[in-house]
Amino acid sequence: MRQPPLLLSEPKDSHNGPSHSDIFEHFHFTLIFTSPFFIHFSHFRPQKMPVKWRAFLLLSSCLATILVTCTGTSQTTKKTYIVYIDKWAKPEKFTDHNQWYSSLINSVASSTSETGDGNLQLENRIIYNYQTAFHGVAAQLSEEEVKKLQEQDGVMAVFPEAVYQLHTTRSPVFLGLEHEDSTSIWSDVLSDHDVVVGVLDTGIWPESQSFNDSGMTQIPAHWKGTCETGRGFTKFNCNKKIVGARVFYKGYEAASGRINYQKEYKSARDQDGHGTHTAATVAGAPVRGANLLGYAYGTARGMAPGARIAAYKVCWTGGCFSSDILSAVDQAVADGVNVLSISLGGGVSSYYRDSLSIAAFGAMERGVFVSCSAGNGGPDPISLTNVSPWVTTVGASTMDRDFPANVKLGSGKFFTGASLYKGQKSLSSERQYPLIYHGSNSSNLSPSSMCLEGTLNPHSVAGKIVICDRGISPRVQKGQVVKDAGGIGMILSNTAANGEELVADCHLLPAVAVGEMAGKSIKHYALTNRYATATLTFLGTKLGIRPSPVVAAFSSRGPNLLSLEVLKPDVVAPGVNILAAWTGVLGPSSLPSDPRRTRFNILSGTSMSCPHVSGVAALLKSRHQDWSPAAIKSALMTTAYTHDNNYNPLKDASTDEPSTAYDHGAGHIHPMKALNPGLVYDILPQEYYDFLCTQGLTSSQLLLFAKFSKRTCRHSLASPGDLNYPAISAVLSDSGNTTVLTLHRTVTNVGPPVSSYHVVVSPFKGVLVRVEPVTLNFTSKIKKLSYKITFTAKSSQAGPEFGALIWKDGVHSVRSPIVITWITPL
């Protein structure tokens, strides 16, 4: 059976592949606790933490121990390592850096190979040279060789390669970018066409109408990329929309062996569909009549339809490898991308050990906005990936569109769920069908209750609707198991991990997904009635759903334990049931047995929310070409909203209770307001570097981020909380003594030259908050002003407190979320 990359496009039991199983859902986070920054958790008093946090920590710590003890390697086995090298340390005897890098690797390499003439020569161990976003190589080394290499002059760090996981007709309208009858976003100005978005993913399906370049201007002069050819991909597959296409596979092949040409395109062509979907969401051209088997009918368009796309294929059937990802980032920056959209994640580790974080720092220094998915580890706390402050981390939320389907029981009860089923074998709404569940009344799941492969008895299932619990296997695969066993339909029941969130799937047999409460009722009926029956009906597409948006249950949550002073995620964006372009070689269920072919598909995950933000960032860049990546992020964060279309606080789909800043960050993006935010919190690369200087990194670790200008710590920040971040996180001591913390911020006026802002601050139970000054007066000469926020502790709280600080001038409301966290000193 086809084994797709581990995608962040879907929740844990994704229909695209088993990215995270429900049983082993915590395994994804063991990287957090095997990292050096685990000490941060000693700040917390466990008895003051929510019960599920304490349980989570205990389980994760145990799994971390298991992971460490089970991953020993041979001293002679060669693996891929990322070698970070200080470019400034190159000896004069070497004419260029590549020559020096080769010499360094050869100086520790112990094996040789025989040439055709019988002579011996050193094997070429280097698979990538990195020269733009950062400096160094990816090389095949043994553990013994790594130890020798670490002693060489100029070698700053050597880390093993990591495997990363890959974490629309309605969303432009929902985001306020379009009227429903419109086909152009904002205004079609030439500056739109100057922006290039690099998409690191599974490639692209160039024949999709979403990548039509009609009406586009000539490729911008700053673009230096190219269109690499390969199986199924020629130079003619690039155009004025797809301006670049490259493939990166050396790290993957070094770990997994040669790519099978017959089963996989060793080119930028996308056979998985994920990369095509994300690229079209970022910058797809308008396509009228887009739909998935009749669902979500309308005009599909990307967030920035005038922007260019550069596809960097870094993910293959066996996964996405860090050496390939880093080479793609390095090349993309050299090619001239303005925005990088990366729907990938690989757990959390210290800044200096996170290769993607280091590469993203280099991209940021070159003025590239980097957007990454938060991950699909929710609703568990502390489940974020991509937490670096110079990266925009995106969580997922719902839209006001749904695909309802009903379950009617023989008892007469109705339950509403969701489905994208469209087939010839629909069940009659006029009759009832036998209903069966292989589980029990307890909350314990079993292989047969989850309809895992080989667990259903055809004699008991044939001709019946089967109830299946979510977990372990992809949702659509459960339907395949039911179908293979002779079942005629499926009711897919959420468990506690998914709550009431409904994710629609394009099933191969009549199937309806229902929430946890409905699932419990349906299962109870099936278990207590010998002749239980049901029928399923499918109601198509429904708009105007309330409440919306809602934070998706699968969306990864904070806090950001790497640095409590930096709130993550940054924002949420549409990531549930998103329609966008699809590959031509795979059915919409992604199952090998699916013979259907569609031009568009509907997917869910933070992989879908990330390109929404990337596309909006491209629009902002086209309008404000002088804005830094930090200014664009600030505009997105300070204009985000925290209420739904019922004007109530945003809800968390897993609990149906109000979400917090640990769930939604600054809030849900509001592109039209981000275009004119009034004030921005700008951050220069040196300020990010000074933030790193507060994180306990050694001088050699800091060198990894000082590659371009020999940066040194200027100690401009009194504490990590003084980073000029658009969100404000106050970390206070609960030692019992009076605690006073003062943080500083500077805002830049990007609105009317002459303007005056006054401040409004939320009240808090545990602290008094004072802002000085309370007004900010800008003139044509005064464009930047600073203020300070002083937190004076009154009484420590059992959990974090959430609020906001807002600067208002009568037109703009520049909102910064505030999070107050109490810790116990060491």
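Mentor: Before we start on this predicted model, fix one term: a residue is called buried when its relative accessible area is under 20%, exposed when it is over 50%, and partly exposed in between.

Trainee: With that in hand, does C315 count as buried or exposed?

Mentor: The value to compare with the cut-off of 20% is the relative accessibility of C315, which is 2%. Its disulfide partner, C320, has a relative accessible area of 0% and is buried. Because 2% is under the limit, C315 counts as buried.

Trainee: How many disulfides are there in total?

Mentor: A disulfide is a covalent bond between the sulfur atoms of two cysteines. Here a pair is accepted when the two sulfur atoms lie within 2.5 Å, and C315 and C320 meet this with an S to S distance of 2.1 Å. Numbering the bonded cysteines in sequence order gives the pairing 1-2, 3-4, 5-6, 7-8, and the count of disulfides comes to four.

Trainee: Is the disulfide of C315 and C320 right-handed or left-handed?

Mentor: The handedness is read from the torsion about the S-S bond, which for C315 and C320 is about 110°. That torsion is positive, so the disulfide is right-handed.

Trainee: And what is the handedness of the link between C451 and C468?

Mentor: These two cysteines are joined with an S to S distance of 2.0 Å. The pair links distant parts of the chain, since C451 sits in the loop between strand 21 and helix 10 while C468 belongs to strand 22, 17 residues apart. Both C451 and C468 are buried, and with -85° about the S-S bond their link is left-handed.

Trainee: How many residues apart in sequence are the parts tied together by C693 and C713?

Mentor: The disulfide between C693 and C713 has an S to S distance of 2.0 Å, and its torsion of about -90° makes the bond left-handed. C693 lies in the loop between helix 17 and helix 18, whereas C713 lies in the loop between helix 18 and strand 34, so the parts they tie together are apart by 20 residues.

Trainee: Which cysteine has the sulfur nearest to that of C372?

Mentor: C372 counts as buried, with 1% relative accessibility, yet it takes part in no disulfide. The nearest cysteine sulfur is 6.1 Å away, beyond the limit of 2.5 Å that a disulfide needs. That sulfur belongs to C610.

Trainee: Turning to the backbone, what is the omega of the peptide bond from E772 to P773?

Mentor: Most peptide bonds are trans. The bond from E772 to P773 is cis instead, and P773 lies in the loop between strand 37 and strand 38. A cis bond also joins R546 and P547, with omega about -5°, and for E772 to P773 the omega is near -5°.

Trainee: What phi does N386 have, although it is not a glycine?

Mentor: Most residues other than glycine have a negative phi. N386 departs from this in the loop between strand 16 and strand 17, where it counts as buried at 8% relative accessibility. H715 also has a positive phi, but it counts as exposed at 66%; for N386, the phi is about 55°.

Trainee: How many residues of helix 9 are buried?

Mentor: Helix 9 runs over residues 355–365 and is mostly covered. At its start, a side-chain oxygen of D354 reaches to within 3.1 Å of the backbone nitrogen of L356, and the helix is followed by G367, whose phi is positive, near 85°. The buried residues include L356, F361 and E365, and of the eleven residues in helix 9 the buried number is eleven.

Trainee: Which element gives the most to the largest nonpolar core?

Mentor: That core has 138 residues, and those with the most contacts inside it are Y84, L200, L340, W390 and F705. With seven residues, the element that gives the most to this core is helix 9.

Trainee: How many residues are in the other core, the one with L732, L741, V759 and V814 among its members?

Mentor: First, as a picture of the largest core, L340 touches residues that include L200, A363 and F369, leaving aside those up to four places away in sequence. The other core lies apart from the largest one, and its number of residues is 25.

Conventions. Residues are numbered from 1 along each chain as its sequence is written. This is a predicted model: local features need pLDDT of at least 70, side-chain atom pairs count only at pLDDT 80 or more; totals for chains, interfaces and linings use all residues. Side-chain values use heavy atoms; hydrogens and water are left out. Helices (H or I, at least four residues) and strands (E, at least two) are DSSP runs, numbered from the N terminus. Buried means under 20% relative accessible area, exposed over 50%, partly exposed in between (1.4 Å probe, protein chains only). A polar contact is a pair of N or O atoms within 3.5 Å; within protein, one must be able to donate a hydrogen and the other to accept it, and residues adjacent in sequence count only if both atoms are side-chain atoms. A nonpolar core is a set of buried Ala, Val, Leu, Ile, Met, Phe, Trp, Tyr and Cys residues joined through side-chain atoms within 4.5 Å. Contact means heavy atoms within 4.5 Å.
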